[in-house]
Amino acid sequence: MSFFMENILNFVCFFPLIGVVLIVLWPKGKEHENGVKWVANIVALIGFLISIPLITAFNDPRYIDTATGMRFVIRKSWIDAIGAQYYFAIDGISLLLVLLTTLLGFIAILSSWSAITERVREYYCYFLILQVGMLGVFMAFDFFLFYVFWEVMLVPMYFIIGVWGGPRKLYAAIKFFLYTLAGSVLLLLGILALYFYQHSVTGVWSFDILGMQQLSIPLELQQWIFLALFFGFAIKVPMFPFHTWLPDAHVEAPTAGSVILAAILLKMGTYGFVRLSLPILPEATMEFLPWLLVLSVIGIIYGALVAMMQKDMKKLVAYSSVSHLGFCMLGVFVATPVALEGGILQMINHGISTGALFLIVGIIYERRHTRMIADYGGLSHIMPVFATVFLIMTLSSIGMPTLNGFIGEFMVLQGVFADPIYKLWALFGVLGIVLGAAYMLWLYQRVMFGELDDPENRNFPDLNWRELATFVPLIILAFWIGLYPKTFLDYLHAPVNQIVERVRPGEFPLLPVQVAVKE
Amino acid sequence: MPEIPQIDNLWEFFRENSAAIGPQLQLIIWGLGILCVDFLIPAQKKGRGAIYALGGLFMASIHLYWFWGISPGPAFYNMVTLDFFARYFNLLFLAAAFLTVIMSYRYLDIEDEQHTEYYALILFATAGMMFMAGAIDLVSLFVGLELMSISTYVLVGFLRSQKRSNEAAMKYFLLGAFSTGIILYGMSLLYGLSGSTNLNEIGRQIVGLENNTLLVLSLFMMMAGLCFKIAAVPFHMWVPDAYEGAPTSITAFMSVAVKAAAFSIFFRIFYLAFGDVREIYIFALAVIAMVTMTWGNVAALTQDNVKRLLAYSSISHAGFVLMGLVAGTDFGVTASAIYLLAYTFMNLGAWSVVILLRRQDIPGETLEDFNGLYFKHPAIAVLMLIFFLSLAGIPPLAGFIAKYFVFAAVLEVALSSGEAHSSLMVWVAVVGALNVVVSVYYYFRIVVSMFIRKDYLPAPLSFSAGLVVVLVITGLFTVLIGIYPEPFISLARAASLSLT
């Protein structure tokens, strides 16, 4: 058991590969495809289950690295010639994102059961490989390793969009690939600049992220590196004006692809800002802050306005992502303790609610193979369970109190308002919330209420048990975060404090950290 | 004028010095042997030449292995050496030649041009490359260059019944001869300036001559000639035609081995001899690197013939390798050396898949020929995907490590204090980085054909044991260099450090 616990991050990260191997070796032929589906689902479920000990043992002193405060550290030499290490660890931020990834990875795979009918085998292989790449990003504390995982996930996602996507899938897939890659290569240059600067100061060749967070880099160099990193992360988030790949990718991707794209992949960008840009380049962040806030706010409002005008449900949800992530970034960049924590929580919330909304769109798409809002109406008459789920997730997305979105948005607004200079930017955030409520409720109204006049819609079955199962954990989480966010926020206090101390030292009272170390 | 030495005992002299050219000698002896025994081989079984060639390559490898730890030092009055740099490149040439030979024999049967001379010429060309990599004197360097070039001219035109092969050979030969002439002119000017043909001596003599027009002229002439050999823009015009027309196996060989050999003398001349007058050429070299990457990629975007597409891609890769030289540090040379090693495996792998698609009566060169490859031969398609991802520089594959190193080399110089060319270096890095993005587009056009389009051409692929071995080896190294590059990095580093 202790061997398992000491290498738990290896297991969590690479466990999906076992599924890939099994699927490749599985007997060929149409009649064995059900077996493939079972393998993928079971592997993904186990992948989620083995990540649960991360929570239960999170405060176990045996797995805390005393020097850095990181948990479950695995550190081995890898490429000595350049000082790259195989360095896995997690802190509170990583923990929540890792769990979100394993959970949504499972949900996405479960939701694909009947949606994917051709090339089933490969589909699940790509999904499981994608899972490895995403988990690796959230666990890697070596910048080189981080970059490797960051790029690895591009290829499976390309295929998921390009093979199982809609009519313009090839265009969307290559656009996604090229946009993200363009950001990534600039990110690589930024990493190299940090690497050489670190060597010139400390004389050590190392990609250690925590080591880089200790550096005090001259402002001009910081600004250049910040720009390089910014392109990498902002395209991934995506922030306005780098968002144009997102609607295409979302619209063309299969349902599960959209879910993962929205819920996890986009978080890699925000995670990059939180983990790397802010703590490594604090002065540059503050220097660029007005611009960053402008872009975030444009994202919030532009995303919301465009979402309102969409006729295609998936596109609407995609643009709502742009808006919501603008909200995340607003909180993250202002970097007051509460706003930063709210921004991070909002990353999780967006994963839950937007992931669920894409599932919802997928469910009606599977029934009629159209995503046009105008084709539907009155579905609540025949699909009561579905209507309930949809309503909960709509309310979660627009930040209804008692649900998760409210907590995140409230914290972001409160945190932004605490900043003496930028407090009025919170107003734009409020505007975003109002617009968000408008387009989401309007969507709900047009799809679910009214007369069930289209004969093609009359025979829609309600959710089956499998479809319902994909929503249950998300609904539970939405209420849990909405009613008792402390469970989650407790993990965030310590890392958020560290970042705030780097970015805005001494300006704001830090969050209370309760050290609940089990003896 | 150095005095011509008196040699008393010719045999003794040769015996003492031959260690430094042992691998070359093996190749030449075996190559001549193939030509001699050719008449004994029945016309139907000319493919046996491949076995003799493998024998020669094996013996050369043994020789190289004997001298791996001990450096024989300069031989033949400072004409050639077998320092670690030369050994590193010899290893690379031997690997490329070995893979080329075993991927060729089935292919030549299909093209109906099975002759033993083919294998002999590959051995001669390889020997020429080894002379280039080991040359520390302009004369031996030039002889090696010519040995390699002339062998490859013939090889390019080997499909003598095909018009385009003849055209390719003619084009390559005329332009190649022209470029050789330019190099030679540059060398003669250099000899006139420095009074020596020895590279180290030249390096010492030209210090302080930075403003000498003749030096600048000779330097740029040699640069132009060498850029032709490595296929850098604007001296790349021959590449698409020659690569398209040549037998595909020879194209593969040229794109890796010939290019690496030309780079090896590029390093020797520009890093070793001209290292101190870097100011003269650094800007031109940086511009050539940037233009080469960009133009190679842009031109590849619209190609529908896969051989031409890969030809343009190989042009752009030359630009990436040049980045190491632009950096002009030993780290830069390490980076280029790693790049060439990684490129050898991933590119040979990609070409061998193209050869696999060449079937009786089917050229197998257009994008359509790749359609639906995945559905019929998933393993081959996945391998091709790995080669393309590696060529594009996606981790964790060999190409990523290669690209990482050239970027690192350039940025290291850019960020070192007191560097006059910081912004130039940053530009080179940024242009290189953006070129990675462009290259993905055209590699993925083929990937789309293989994995997403479905109309598969129902003819069996031309598998042979040799090709399978090539695919396995190249695939293995492409992944291995990416996941655990440590040993390869130390090899390349030792090579660059021995370059003094």
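This tour moves from the contact between two chains to a single helix and then to one residue near a chain start. The structure is a predicted model.

**First selection: the contact between chains A and B**

Display chains A and B together. Here 26 residues of chain A are in contact with 26 residues of chain B. On chain A, select helix 7 (143-152), helix 8 (154-164) and helix 9 (169-202), each of which supplies at least two residues of the side that touches chain B. Helix 9 of chain A gives the most to this side, with 14 residues. Colouring the side of chain A that touches chain B by residue class will show 23 nonpolar, 1 polar and 2 charged residues.

**Second selection: helix 11 of chain B**

Next, select residues 248-273 of chain B, which form helix 11 and number 26. From its first C-alpha to its last, helix 11 of chain B reaches 36 Å, close to the 38 Å expected at 1.5 Å a residue. Centre the view on B:Met254, where helix 11 of chain B bends by about 35°. Then show the surroundings of the helix: 25 of the 26 residues in helix 11 of chain B are buried, and the helix is thus described as mostly covered.

**Third selection: B:Ile7**

Finally, select B:Ile7, which is found in the segment before helix 1 (10-17) of chain B. Is B:Ile7 buried or exposed? B:Ile7 is exposed, because 11 other C-beta atoms lie within 10 Å, and a residue counts as exposed at 12 or fewer. To close, add B:Val468 to the selection and draw the C-alpha to C-alpha distance: B:Ile7 and B:Val468 are 50 Å apart in space and 461 residues apart in sequence.

Definitions and conventions:
Residues numbered from 1 in each chain as written. Chains lettered and ligands numbered in written order. Predicted model: local features only at pLDDT ≥ 70, side-chain atom pairs only at ≥ 80, totals over all residues. Helix = DSSP H or I, 4+ residues; strand = E, 2+ residues; numbered from the N terminus. Buried ≥ 20, exposed ≤ 12 C-beta atoms within 10 Å, placed from the backbone. Contact = placed C-beta atoms within 7 Å. Nonpolar A, V, L, I, M, F, W, Y, C, P; charged D, E, K, R; others polar. Expected span 1.5 Å × (residues − 1). Bend = angle between axes of the 7 residues up to and from the residue.
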